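Subject: Structure handover

Hello,

Here is the structure I promised to pass on. Please open it and keep it beside you as you read.

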Amino acid sequence: MIDEWIEDAAKFSSGSEFEDACLNVDGFLSLRTFLVGYSLSIADVAIWSGLAGSGQRCESLRKSLRYPNLIRWYNSIAAEYSAPLNEVTSAYVGKRGLGKPLAKPKGASERQMTNGTVGKERAVSSFEVDLPGAKIGEVSLRFAPEPSGYLHIGHAKAALLNQYFAQRYKGRLIVRFDDTNPSKESSEFVANLMNDIDTLGVKYESVTYTSDYFDQLMKMVEDLINKGKAYVDDTPREQMQKEQGAGTLLSSRICPCGRKWCRALKGVRSAVYVAPNKSLRDPVYYRSNLVSHHRIGSKYKVYPTYDFACPFVDSIEGISHALRSSEYHDRNDQYYRILDDMGLQKVQIYEFSRLNLVYTLLSKRKLLWFVQNGRVEGWDDARFPTVQGIVRRGLKIEALIQFILEQGASKNLNLMEWDKLWTINKKIIDPICPRHTAVLEDRRVLLDLADGPEEPFVRILPRHKKYDGAGTKETTYTEKIWIEHADASSVSIDEEITLMDWGNAIIKGIEKDQVGNITHLTGTLHLEGSVKTTKLKLTWLPETDELVHLSLVESDYMITKKKLDEGEDFLDVLNPCTRRETSAFGDSNMQNLKRGEILQLERKGYFRCDVPFIRPSKPVVLIAIPDDSNGGIVDQGLKSLLGPDNISDLKAMWLNHCEGWEACSPLE
């Protein structure tokens with residue numbers, strides 16, 4: 001990306017390309033502070049210098065409202081890095097003029113200039129928003145996952161938003177594990193969460209645990225009991241939840257045991273408070289739990305709730321802004337009230353919308369059901385929306401970051417499609433991933449070339465015709481080659497076809513079995529023929545013993561409904577077919593694939609190597625990567641048979657009447 005920006009910098013010196021260059025940079029910066037990554041790079045220096053060196057054109061931008069994001073970025077760079085940039089620009093553009101901050105348009109405020117909201121031609125990014133009361137250098141944030149599962153894509157949004165604001169305001173970010181429920185948490189989850197956080201590239205100052213503050217929390221709740229701001233209650237949980245939902249006042253059940261509450265193994269609740277917001281009516285602060293804690297063992301028999309511990313630890317750790325998804329909105333008053341009762345420093349809550357995706361479960365409780373019932377291989381299953389799952393399926397972290405930052409810190413609740421994320425991913429992997437060839441094993445057909453090479457020979461070809469960094473591969477040419485059965489069924493006698501990476505051939509003979517399936521083809525090479533005139537461009541493999549056995553894995557959504565209704569059980573909409581494996585053969589170069597490597601199988605799509613070559617009898621496992629043109633297994637089958645319209649309704653109807661699906665062949 002840096003190389004591309006450096007090349008683009010020259011466009012600012014060209015009269016014909018100047019406006020297009022400005023438009024390109026302005027659009028790119030609508031959601032970003034820097035051109036590459038989260039800090040100044042040589043890409044920013046090159047583009048800034050190129051713009052500064054454009055002389056009068058640069059100055060004329062102050063009279064235009066068309067490039068607000070470019071103006072914001074230019075002024076920000078100039079203000080923060082003026083001295084070194086002036087030296088660089090002087091050497092870069094000679095005496096054509098040093099960069100000066102672009103003047104703000106008449107009537108534009110400093111805030112508009114900072115946020116890039118000048119002008120009406122371009123919609124303002126929802127992500128370029130201010131944290132209320134935030135000051136540069138004084139912002140302190142925390143990302144606080146519960147170690148009861150792996151990070152999923154929803155958690156990733158929270159983590160990346162926290163990092164964005166920490167970097168924007170030159171503040172600090174803490175990772176804090178909210179380990180207040182020993183029944184669900186484990187050290188395994190802590191280790192994997194840290195792995196996920198590192199995978200996302202989140203930079204943090206320190207790692208803390210809510211359990212570090214258990215002694216202080218215990219003293220605080222006892223103090224609240226003594227002050228009459230909390231009371232002990234032994235009401236069963238189910239009854240408690242029912243009464244709280246109804247807004248029932250519960251003061252008549254206050255237990256007199258006072259400071260001995262922890263020995264009595266009872267829970268503690270807030271003192272009765274009459275308020276329209278039911279979350280303020282007798283919220284639970286502590287509850288009994290005899291399960292051993294994964295960090296501190298059996299020291300405690302009672303543990304604080306998240307709602308009680310979170311504001312306390314936020315304040316104690318000096319958090320200035322607590323980012324929370326809007327699903328917690330009704331509990332914000334409770335958060336502030338707890339801080340008031342404790343007499344602690346205030347923390348500003350900032351809300352953002354939860355990331356919701358179609359056909360996707362983001363509840364750790366529901367995801368755990370799939371793990372415990374053996375419906376998936378584990379938390380890193382490629383069908384899962386966990387960070388490890390989507391990375392295993394072939395998603396690049398750069399694509400995930402771009403997707404999430406484009407959603408921004410908006411409070412609007414949206415049900416997002418996966419297509420956009422996979423489209424971003426495709427744009428990242430396509431320019432660089434190597435190309436290979438595979439032929440499905442089922443009913444593959446041998447094509448005999450009468451004038452083919454008597455002895456096999458090898459050519460060295462690029463693995464990517466437009467990217468030298470992908471390296472090279474060996475392609476073997478033989479007189480007998482394998483092609484797909486579907487391709488063989490499409491040809492006719494005397495038809496000229498193109499064999500990719502070889503040349504043209506003419507089909508001379510077609511043999512079929514008793515039921516009409518094509519079993520064998522014969523033909524002759526016609527290498528002087530034009531590939532532009534042929535209708536069929538076919539992939540092929542040589543008939544050799546060096547071909548690699550492949551298992552191509554396709555994944556689908558775990559449920560068949562876009563969004564569950566309130567109270568609807570996800571078990572009622574389980575997808576009966578979420579994974580399909582297809583046997584194939586690949587070119588011999590695929591013996592060198594490494595786990596995690598992404599490649600494109602010509603005419604089949606993108607794949608990630610999940611299990612590399614070990615021995616000839618064990619197949620290389622490739623997981624299919626979705627792109628903007630394909631959906632799940634059932635979606636693809638329906639589109640091929642019925643067309644792309646009304647796929648969701650047809651899919652649901654099909655699955656409702658589908659029995660023994662996993663025993664069916666793809667054709668059936």
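Below is what I found, region by region.

One caution before the details: this is a predicted model.

**The cores**

Start with the inside. The largest nonpolar core holds 55 residues. I153, L200, L400 and W418 have the most contacts inside this core. Several elements supply at least two residues each, including the strands β1 (140-143), β2 (172-177) and β9 (348-352). The helices α9 (187-199), α15 (387-392), α16 (397-407) and α17 do so too. The top contributor is α8, which gives nine residues.

Now zoom in on L200. Leaving out residues up to four places away in sequence, L200 touches L151, A156, A159, L160, V387, I397, L400 and I401. Another core lies apart from the largest one, and it has 25 residues. Among them are L29, I47, W48 and A78.

**A helix pair**

Next, look at α2 (residues 18-28) and α5 (residues 68-80). Their axes come within 7 Å and cross at roughly 80 degrees. An angle from 65 to 115 degrees counts as roughly perpendicular, so α2 is roughly perpendicular to α5. On the α2 side, C22, V25 and D26 make the contact. On the α5 side, P68, N69 and L70 do. By type, the residues of this contact are four nonpolar, one polar and one charged.

**The sheet**

Then find the open sheet of seven strands. Its order is β12-β25-β26-β27-β23-β24-β13, and the pairing is mixed. Which strands stand at the edges? They are β12 (435-436) and β13 (438-440). Each has a single partner strand, so one side of each is left without a neighbour in the sheet. As background, strands of a sheet pair through backbone hydrogen bonds, either parallel or antiparallel.

The partner of β12 is worth a look. Two bridges join β12 to β25 (residues 598-601), and these two strands run parallel. R435 has Q600 in β25 as its bridge partner.

A helix also lies across part of this sheet. Helix α17 (residues 419-429) crosses β25, β26 (605-611) and β27 (620-625). It runs at about 125 degrees to β27.

Between β26 and β27 there is a loop, and R615 lies in it. R615 is partly exposed, with 44% relative accessibility. Its C-alpha atom is separated by 9.6 Å from that of H549, although the two residues are 66 apart along the chain.

**Two residues with positive phi**

Two loop residues deserve a click. Y359 has a phi near 55 degrees, a positive value in a residue other than glycine. It sits in the loop between β10 (356-357) and α14 (364-372). D494 is not a glycine either, and its phi is positive at about 70 degrees. This residue lies in the loop between α18 (485-488) and β18 (496-499).

Is each one buried or exposed? Buried means under 20% relative accessible area. Y359 has 8% relative accessibility, so Y359 counts as buried. D494 has a relative accessible area of 53%, so D494 is exposed.

**A buried aspartate**

Last stop: D341, in helix α13 (residues 332-342). At 15% relative accessibility, D341 counts as buried. What does D341 contact, leaving aside its neighbours within four places in sequence? The list is L224, K229 and Y285.

Best wishes

Terms used. Residues numbered from 1 in each chain as written. Predicted model: local features only at pLDDT ≥ 70, side-chain atom pairs only at ≥ 80, totals over all residues. Heavy atoms only, no water. Pairing = 2+ DSSP bridges. Helix = DSSP H or I, 4+ residues; strand = E, 2+ residues; numbered from the N terminus. Contact = heavy atoms within 4.5 Å. Axes fitted to C-alpha atoms, helices over the stretch in contact; angles between N-to-C directions. Buried < 20%, exposed > 50% of the residue type's maximum accessible area, 1.4 Å probe, protein only. Core = buried A, V, L, I, M, F, W, Y, C linked by side-chain atoms within 4.5 Å. Parallel < 35°, antiparallel > 145°, perpendicular 65-115°, else oblique. Nonpolar A, V, L, I, M, F, W, Y, C, P; charged D, E, K, R; others polar.
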